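Me: I have a structure open and would like to learn how to read it. Could you take me through it feature by feature?

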Amino acid sequence: MRASWTPASDRSEDVPELPRPGCEHVRYGNTGGQPGHREGAAGLTTHAPQAAQSVTLPASLDEAVAALTAMPAAVPVAGGTDLMAAVNKGRLRPAGLVGLGRINEIRGWQYQDGHALLGAGLTHSRMGRPDFAALIPALAASARAAGPPQIRNAGTLGGNIATAAPTGDTLPVLAALEADLVIAGPDGATREIPVSHLLAGREMLGPAELIGFVRVPLLHAPQVFLKATGRTGPGRATASVAVVLDPARRGVRCAVGAIAPMPLRPLEAERWIASLIDWDGERGLAPEALAAFGEYVAAACIPDQEGDEQLPPAVLHLRRVVAALARRALGRALS
Ligand SMILES: Cc1cc2nc3c(=O)[nH]c(=O)nc-3n(C[C@H](O)[C@H](O)[C@H](O)COP(=O)(O)OP(=O)(O)OC[C@H]3O[C@@H](n4cnc5c(N)ncnc54)[C@H](O)[C@@H]3O)c2cc1C
């Protein structure tokens, strides 16, 4: 039998105190259900024994940061699709959880100076809808490709970024778009960092810091995300490619995901292909040029071994996959 989360307001006998105005703080642990079954956050279930002892459900980003400051051992949870999987596998035993699911300010987006300010709490399902796809097509395509529907309904943009898994589908798109993260910290402080800095480990989230928003330039030009998986149906990427056209800067930006710990940008291949495009004309390219771009991207991301040594067959196959994805993505963006 699985237990489901009961809203705190229905469980007043379990509410020991309110740590901050506006935050709901409820016990989370053995509340008398079946042995080994625990109530989970944000409607998710977990069978993990000895999981978090408390769940705080703030209503604003500031309250969430304050809750994390008050309990440094607590971890934030959005959709829980990554976090609860780690709890269930016994890889994580958070002392407390700060649920982000009730923070309305991070569940939508707004326009700001030619950019879209995307809330970290946007789910993959929401980003996959047509109105969002008209705004940032490649990000919508990556969100539609992320897992089965139940995962897309719960999983969020912020969770995808914070987990920073090599197979994170939104990550190559954000890298190609050169998106920035707006990070909320204690005492109302905010700072902005390029998403690539976080993914490369150059700048990390500090104590009690949360990804609040993602600032994405609105390029009003074609952009494509393609993903290869090792199976039919939803699956993790074995390789993915995002291609973004930036006509104002006469640029092509490309990022390759899943083949390295972080998305890779083949900068020379980007510059070379951009120089071949007639930006004021049809913008079409000969099939040979598209194929050469694919090979250039693949060789940049999966270079030859030094000396005469051949790449292993599996790696050669991966390189061919990347080449095909890059060729097709650029072809679609220019068509
Ligand atoms: C069956 C299955 C299939 C999946 N398939 C795919 C797939 O095809 N493609 C893909 O990309 N992903 C996939 N995922 C992974 C997962 O769904 C995504 O990474 C999702 O976007 C995570 O978001 P979440 O809201 O569930 O994160 P959570 O699980 O809530 O959190 C993940 C991590 O991020 C932190 N976090 C969450 N929000 C914030 C924030 N705002 N600021 C700071 N830290 C934060 C949490 O503390 C935690 O460490 C899959 C997962 C499962 C279980």
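Reply: What follows goes from the whole chain to single elements and residues.

Me: What kind of model is this, and what average pLDDT does the protein have?

Reply: This is a predicted model, so begin with the predictor's confidence in each residue. The protein averages a pLDDT of 87, and 84% of the residues score at least 70.

Me: Over which residues does pLDDT stay under 50?

Reply: One such stretch is residues 1–23, where the model has 47 contacts beyond four places in sequence. Another is residues 26–49, with 66 contacts beyond four places in sequence.

Me: How many helices and strands does the protein have, and how much of it is buried?

Reply: There are 12 helices and 14 strands. Of the 335 residues, 45% count as buried. Contacts give another view of the fold: among those with a separation of 6 or more, 65% join residues 24 or more positions apart.

Me: How do I read a single strand, say S11: is it enclosed or open?

Reply: Count its buried residues. Strand S11 covers residues 210–217, and 6 of its 8 residues are buried, so the strand is largely enclosed by the rest of the structure. For strands in general, side chains alternate between the two faces of the sheet.

Me: Which strands pair with S11, and in what sense?

Reply: Strand S8, residues 115–119, pairs with S11 in the antiparallel sense over 5 bridges. Within that pairing, Gly119 has Phe213 of S11 as its bridge partner. Strand S9, residues 180–184, also pairs with S11 in the antiparallel sense, over 5 bridges. Here Ala184 is bridged to Leu210 of S11.

Me: And how do I read a helix? How many residues of H8 are buried?

Reply: The general idea is that an α-helix has 3.6 residues a turn, so residues three or four places apart point the same way. In this structure, helix H8 spans residues 170–177 and is mostly covered, with 8 of its 8 residues buried. They are Thr170, Leu171, Pro172, Val173, Leu174, Ala175, Ala176 and Leu177. Just after H8 comes Glu178, which takes a positive phi of about 55 degrees.

Me: How many residues of H1 are buried, and what covers them?

Reply: Helix H1, residues 61–70, is mostly covered, with 7 of its 10 residues buried. The buried ones are Leu61, Glu63, Ala64, Val65, Ala66, Ala67 and Leu68. Their cover includes strands S4 (54–57), S5, S6 (96–99), S9 and S11.

Me: How do I read the surroundings of the ligand? Which residues come nearest?

Reply: List the residues around it, then ask where they come from. There are 31 residues around the ligand, of which Gly79, Gly147, Gly155, Gly158 and Gly159 come nearest. By type, the shell divides into 16 nonpolar, 12 polar and 3 charged residues.

Me: Which elements supply the shell around the ligand?

Reply: Strand S5 (74–77), helices H2 (83–88), H6 (149–154) and H7 (157–163), and strand S11 each supply at least two residues. The largest share, 5 residues, comes from H7.

Me: Where does the ligand shell lie with respect to the domains?

Reply: Domain 1 (8–102) and domain 2 (105–217) both give residues to the shell, so it lies between them.

Me: How do I read one residue in a loop? Is Ala145 buried or exposed?

Reply: Find its place in the chain, then count its neighbours. Ala145 is found in the loop between helix H5 (137–144) and H6. Ala145 is buried, because 20 other C-beta atoms lie within 10 Å, and 20 is enough for a residue to count as buried. Leaving aside neighbours within four places in sequence, Ala145 is in contact with Asp169 and Lys227. From Ala145 to Pro234 is 89 residues in sequence, but 7.1 Å in space, C-alpha to C-alpha.

Me: Which phi values do Ala208 and Ala258 have, and where do these residues lie?

Reply: Ala208 has a phi near 65 degrees, a positive value in a residue other than glycine. Ala208 is found in the loop between helix H9 (195–199) and S11, and is buried, with 21 other C-beta atoms within 10 Å. Ala258, also a residue other than glycine, has a positive phi near 80 degrees. Ala258 lies in the loop between strand S14 (251–257) and helix H10 (267–276). With 25 C-beta neighbours inside 10 Å, Ala258 counts as buried.

Terms used
Residues are numbered from 1 along each chain as its sequence is written. pLDDT is the predictor's confidence in each residue, from 0 to 100. Two residues are in contact if their C-beta atoms, placed from the backbone, lie within 7 Å. A residue is buried if 20 or more other C-beta atoms lie within 10 Å of its own, exposed if 12 or fewer, and partly exposed in between; C-beta atoms are placed from the backbone. Helices (H or I, at least four residues) and strands (E, at least two) are DSSP runs, numbered from the N terminus. Two strands pair if DSSP finds at least two bridges between them. A residue is near a molecule or strand if its C-beta atom, placed from the backbone, lies within 6 Å of it. Ala, Val, Leu, Ile, Met, Phe, Trp, Tyr, Cys and Pro count as nonpolar, Asp, Glu, Lys and Arg as charged, and the others, Gly among them, as polar. Domain bounds come from an automatic or database domain assignment.
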